[in-house]
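Please open the structure in your viewer and keep the selection tool at hand. The tour begins at a single residue and then widens to the whole chain.

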Amino acid sequence: MKGWMGKILRVDLTRAALHEETLDPLAAKDYIGGRGLGIYFLQREVDPLCDPLSADNLLVMATGPLTGTGAPTGARYMIMTKSPLTGAITCSNAGGRFPTELKRAGYDALIFSGRAARPVYLWIADGKAELRDAAHLWGKTTHATTDLLRAETDPKARVACIGPAGERLVKFAAVMNDKDRAAGRSGVGAVMGSKNLKAVVVRGTGKVPLADPERFKVYNKDIIERFKAAAKETPLGLTINGTAGVVITTQHLGVLPTKNWQQGTFEGWEQIHGETLSAKYLVRNKACYACPIGCGRITRVEDPVFGGEGEGPEYETIYAMGSNCMVDNLAAVIKANYICNEQGLDTITMGATIACAMELVEKGHLEEATVGRPLKWGDGEALVALTRMTAAREGFGDRLAEGSYRLAESCGHPELAMVAKKQEFPGYEPRGAQAMGLAYATSPIGGSHMRGDPAYFELFGVPEKVDPLEWRGKAKITKAFQDLSAIIDAAGLCIFFAVRNLAGKQLDVPPTGILEYLNAATGADYTLEELIQAGERIINAERQYLVRAGFSRKEDALPPRLTTEPLPDGPAKGMVCHLDEMLDDYYREQNWTADGIPTDERLAQLGLDTEGRG
Amino acid sequence: MIVRVKCFTGMRRFAPADRTEFDIEIEAGASVARLLALLEVPPDIQPIVAVNGARAETSKPLRDGDKIVLFTPVEGG
């Protein structure tokens, strides 16, 4: 096989047994890789009703056929498992250097099953793998673990690991690779912790074989030259201010979630905007492997309380811990971000859960005595302290560690958790960006912007401007973006490059550039129709997995705040999210029933059986 | 009349050198479109405009002392 390495490593943690298997070429073509391979294996091997933190769950780490090839942003891998936060699936995705190293060590994917009796880590050096004792690493931060593992294996090795939060089964624990890149969402770190798997360490010096290296090289050169010429003409905002530069857009479109989504604009927005980050705290940019953008931020804060050095924050962290908690002190947000990276926590759910706690206190549903400290809007010190306590499950942190839905429910007010499928939203208010609400509600992982990101057409005008306040007509383009994102996720690419540079300029976003890359890399001769269908197959296989886990239309929901309370401020003032109307259209576009179930006819068109397996 | 303009992201290059925030004199009743022409913003660049914190169309007439924010959207997340 070309593009794909053709090999999967199975790691049975219960028996401490490893074995290699061949990647089925037909499955590879039909599911591409990454997210596609993840659902392919979950569908076959994981009972949708199993306890996510039991030995019955699988943890799949899968690269895509473009990972490690040198295609721009071909740096990513996907962690898929059944989520302890949502009970649905995860699609936690990260870049950096680890995924490329894994591919170059010879594997498309690692599949972990069972549960180790004692803490272990997996060490892979160019196709030779072994499980090693990790007792001495238990309790260590992600940074310390990475340093110790490189010292005892190979100084050039790349590490993906959990921190203390994953060990303590915090429901939104992350898997961190290359110290600060996060497969952050839905609690993949807790699944790793439940398996007593502390880390995966990889050294790979091989090359990814390409089917047509000459064609790949010519196409790659053309894409990169065009990208660089355009960036010279109009410097890229993502390069200059990172994703933190989004604050100005969401603020002025009235979709910057503030005060646990009670408002759509934040008075202190300029203090947390990307330009402030660049001016006060940026040390340098950081790029993942083969990335010409470099949106990563290495930062340093000189401050007696919030001082430190590390990576971040991203826009989503700034919304969740900044505007959403009404914290306008960027240094406090950065400090809480550093703690999340080192302890292995998802910054979105962490910030959103603290914001929810702040509202529960404000409305009198939670006593500050229970929290153990004052908890008022805008309190940066509380943000940092509670983040630490959550990682350690110390005091009230033990309740925060369950996420906002379980916290709000335990206080008798689940409606105050800003979640879909119990997962907290990223930072785009659906009352002012209608399709975003549809994407949150129908994403297979719950509240997420990365499984089909309508912010592109509603807020950023890519590939063309669409009125963010209009709900009619949104179902069709949202579906097209979801299909595209499945292809991007499966190929091993990053959405930031692919949407602008490797997809058509129409709203149905045909993945023309990805097609060219995939065919040159794999020789699989995808037609455009086959590639689009592969995206649809992934979406439908995931959906049918959720159906088997008991999900249907009633879980494709948003909190009543977003669908019944008019937004009180900003350009979207007076709006609610018209989710129900959009859902009817959306299910029709998908050829699903009115209850959100894929029809047998639709599954059959995609080569899937009635359970969603293919 | 005099209005105060603040340029972010892709609109920075239309601001006077090294100044992101500046006052500019413009005839009474002039619109946002007139301001953009004065700053020599080519018509193919369509920034997002906010006047006194609220999003505005380019046809909006300006008043003395208005605070105007100009920026082009940046993606991310």
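## Starting at one valine

Select A:Val499 in this predicted model: with a relative accessibility of 4%, A:Val499 counts as buried, because anything under 20% is placed in that class. Now extend the selection along the backbone to residues 495-501, and you will have helix H22 of chain A, the element to which A:Val499 belongs.

Which residues, beyond those within four places in sequence, are in contact with A:Val499? To see them, add A:Tyr456, A:Val462, A:Phe481, A:Leu484 and A:Ile488 to the selection, since each of these is in contact with A:Val499. Next, keep A:Tyr456 highlighted and draw a distance between its C-alpha atom and that of A:Val499, which should read 8.5 Å, although 43 residues separate the two along the chain.

## Widening to the whole chain

Select the whole of chain A and switch to a cartoon view, where the secondary structure comes to 27 helices and 17 strands. The C-alpha trace spans about 60 × 55 × 50 Å along its principal axes, and of the 614 residues in chain A, 66% are buried. Among the contacts with a separation of 6 or more, 69% join residues 24 or more positions apart.

Turn on the surface next: chain A exposes about 19,400 Å², and carbon and sulfur atoms supply 49% of that area. Finally, colour the charged side chains, of which 70 are positive and 78 negative, with the centres of the two sets lying 4 Å apart.

Methods
Residues are numbered from 1 along each chain as its sequence is written. Chains are lettered from A and ligands numbered from 1 in the order in which they are written. This is a predicted model: local features need pLDDT of at least 70, side-chain atom pairs count only at pLDDT 80 or more; totals for chains, interfaces and linings use all residues. Side-chain values use heavy atoms; hydrogens and water are left out. Helices (H or I, at least four residues) and strands (E, at least two) are DSSP runs, numbered from the N terminus. Buried means under 20% relative accessible area, exposed over 50%, partly exposed in between (1.4 Å probe, protein chains only). Contact means heavy atoms within 4.5 Å. Accessible areas come from the Shrake-Rupley method with a 1.4 Å probe; for residues, only the protein chains shown count as cover. Lys and Arg count as positive and Asp and Glu as negative; His and the chain ends are not counted. The place of a charge is taken as NZ of Lys, CZ of Arg, CG of Asp or CD of Glu.
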